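Me: Please give a close account of how the strands in this structure pair, and of what is found along them. One connected answer would be best.

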Amino acid sequence: MKYAAILSVLIIVPALAFFSVERMQAPISRACDLHFSSGLVLYSIPLADNPARIRRGLSGGGRGDSMLFYWRNEDIRTFSMKNTPVNLSVGFFDKDGFLFQVADMEAGSSKRYGSNASAKYALELATGQFQAKGLELGSRLIRKECGLLQ
């Protein structure tokens, strides 16, 4: 009986560690097509819309070099590039979808990159892609169509 108890501890404890809360967080499983006032559409942008996904973002070699962050409320937002392998730019959008700030962020940097006003959305793209796609300050995100990531 004593050996059965020890054996069950040896099996259950590692299993609990393996299935910890952090590991049970599903990977990014939703993506959005983003429609802008200029007519530009960005397709299949992964969506971070809960605290765990927002915290993880693209760090640790996440999928691709773009992500949409969505919060239920507007607030000052701060990003870090720790463990993120590529340079990115982050664009901050207000509750009405207007792009009010773009910041270039350095891969692996421990520096904090913050919005200068309250943001409801943030969009990360590869450095230079805001300009390349014509997304300038004042551009407006008019619609997002979200579904399962393909």
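Reply: Two strands are said to pair when DSSP finds at least two bridges between them. The model is a predicted one, and every value below is computed from it.

The setting can be given briefly. The chain contains four helices and nine strands. Their order along the sequence is α-α-β-β-α-β-β-β-β-β-β-α-β. Of the 150 residues, 35% are buried.

The account may begin with β1 and β2. Strand β1 covers residues 30–36 and strand β2 residues 41–48, and the two pair in the antiparallel sense over four bridges. Four residues lie between β1 and β2, which form a hairpin. In the turn of this hairpin, G39 has a positive phi of about 100°. A positive phi also occurs within β2 itself: S44 lies in that strand, and its phi is about 55° although the residue is not a glycine. The relative accessibility of S44 is 42%, so this residue counts as partly exposed.

Which residue of β2 stands opposite C32? The residue is I45. How is C32 placed with respect to solvent, buried or exposed? The relative accessible area of C32 is 0%, and C32 is therefore buried, the cut-off for that class being under 20%.

C32 also takes part in a covalent link. The structure holds one disulfide, formed by C32 and C146, with the sulfur atoms 1.9 Å apart. The angle about the S-S bond is 100°, and the link of C32 and C146 is right-handed. Because C32 lies in strand β1 and C146 in strand β9 (residues 141–148), the disulfide ties together parts that are 114 residues apart in sequence. As to solvent, C32 is buried at 0%, whereas C146, at 31% relative accessibility, counts as partly exposed.

From β2 the pairing continues to β3. Here the sense is parallel, and two bridges join β2 and β3. A48 has F69 of β3 as its bridge partner. Strand β3 also holds L68, which counts as buried because its relative accessibility is 1%. L68 can be related to the cysteine already described: L68 and C32 are 36 residues apart in sequence, and their C-alpha atoms are 7.9 Å apart in space.

Strand β3 leads in turn to the largest pocket. The space within this pocket is about 270 Å³. Its lining consists of 19 residues, and those nearest the centre are I54, R55, G57, F79 and S80. Three elements give two or more residues to this lining: α3 (51–56), β3 (67–75) and β4 (78–80). By residue class, the lining divides into seven nonpolar, six polar and six charged residues.

After β4 the chain enters a loop, and N83 is found there, between β4 and β5. Like S44, N83 is a residue other than glycine with a positive phi; for N83 the value is near 65°. The relative accessibility of N83 is 54%, so this residue counts as exposed.

A further hairpin follows. Strand β5 (residues 88–93) and strand β6 (residues 99–105) pair in the antiparallel sense over six bridges. Within this pairing, V90 has A103 of β6 as its bridge partner. Five residues lie between the strands of this hairpin, and G97 takes a positive phi near 90°. A glycine with a positive phi thus appears in the hairpin of β5 and β6, as G39 does in the turn between β1 and β2.

The account closes with the loop beyond β6. S109 is placed in the loop between β6 and β7 (112–114). Although a loop residue, S109 counts as buried because its relative accessibility is 14%, against a cut-off of under 20%. A polar atom of the S109 side chain lies 3.0 Å from the backbone nitrogen of K111.

In summary, β2 pairs with β1 in the antiparallel sense and with β3 in the parallel sense, while β5 and β6 form an antiparallel pair. The disulfide of C32 and C146 ties β1 to β9.

Technical notes
Residues are numbered from 1 along each chain as its sequence is written. This is a predicted model: local features need pLDDT of at least 70, side-chain atom pairs count only at pLDDT 80 or more; totals for chains, interfaces and linings use all residues. Side-chain values use heavy atoms; hydrogens and water are left out. On a 1 Å grid over the protein atoms alone, a cavity is a set of points where a 1.4 Å probe fits but cannot get out, and a pocket is an open set with protein on both sides within 12 Å along at least five of seven lines; lining residues have an atom within 4 Å of a point. Grid points are joined across faces, edges and corners, and a volume is the space filled by probe spheres set on the points. Ala, Val, Leu, Ile, Met, Phe, Trp, Tyr, Cys and Pro count as nonpolar, Asp, Glu, Lys and Arg as charged, and the others, Gly among them, as polar. A disulfide is a pair of cysteine sulfur atoms within 2.5 Å. Buried means under 20% relative accessible area, exposed over 50%, partly exposed in between (1.4 Å probe, protein chains only). A polar contact is a pair of N or O atoms within 3.5 Å; within protein, one must be able to donate a hydrogen and the other to accept it, and residues adjacent in sequence count only if both atoms are side-chain atoms.
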